[in-house]
Amino acid sequence: MTIAARDPRSTDELRQALVESLMAMIGAPDDIPTAETAATTLHSLDERLTAESSTR
């Protein structure tokens, strides 16, 4: 199962979460958990957008 398949958020919610995660990283650039959250969100959104583009 992919990361995106496990994430119940909509694509728009993932986009917003990515923005929020990146803003959090700007505020705390050395915080590893913050960076991991941003990375996970980025991977989820990437997989979701890839899946959506292949169905069009």
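**Exercise 1. Place D7 on the buried-to-exposed scale, then find its salt-bridge partner.**

Step 1. D7 is buried, at a relative accessible area of 13%. The scale runs like this: buried is under 20% relative accessible area, exposed is over 50%, and partly exposed lies in between, using a 1.4 Å probe and protein chains only.

Step 2. A word on the model before going on: it is predicted, so local features need pLDDT of at least 70 and side-chain atom pairs count only at pLDDT 80 or more, while totals for chains, interfaces and linings use all residues. Residues are numbered from 1 along each chain as its sequence is written, and side-chain values use heavy atoms, with hydrogens and water left out.

Step 3. The partner of D7 is R9, and their closest N and O atoms are 2.7 Å apart. A salt bridge here is a side-chain nitrogen of Lys or Arg within 4 Å of a carboxyl oxygen of Asp or Glu.

Step 4. Now check R9: with a relative accessible area of 30%, R9 is partly exposed.

**Exercise 2. The structure holds two salt bridges. Find the one between D12 and R15, and describe where these residues sit.**

Step 1. The side chains of D12 and R15 meet at 2.9 Å, N to O.

Step 2. Both belong to helix α2 (residues 11-27), three residues apart, which separates them by about one helical turn. Helices are DSSP runs (H or I, at least four residues), numbered from the N terminus.

Step 3. Why does that spacing suit a pair? An α-helix has 3.6 residues a turn, so residues three or four places apart point the same way.

Step 4. For accessibility, D12 is exposed at 54%, and R15 is partly exposed at 40%.

**Exercise 3. Work out which side of α2 is buried, and what covers it.**

Step 1. List the buried residues of α2: T11, L14, A17, L18 and S21. They cover an arc of only 110° around the axis, so they lie on the same side of α2. The arc is that of the directions from the helix axis to the C-beta atoms.

Step 2. Turn to the opposite face: the exposed residues D12, M23, I26 and G27 are found there, away from the buried side.

Step 3. Look for the cover: α3 (32-54) is included in what lies over the buried residues of α2.

Step 4. Zoom in on S21, which is buried at 9%. Leaving aside neighbours within four places in sequence, S21 is in contact (heavy atoms within 4.5 Å) with T34, T37, A38 and T41.

How values were computed
Helix = DSSP H or I, 4+ residues; strand = E, 2+ residues; numbered from the N terminus.
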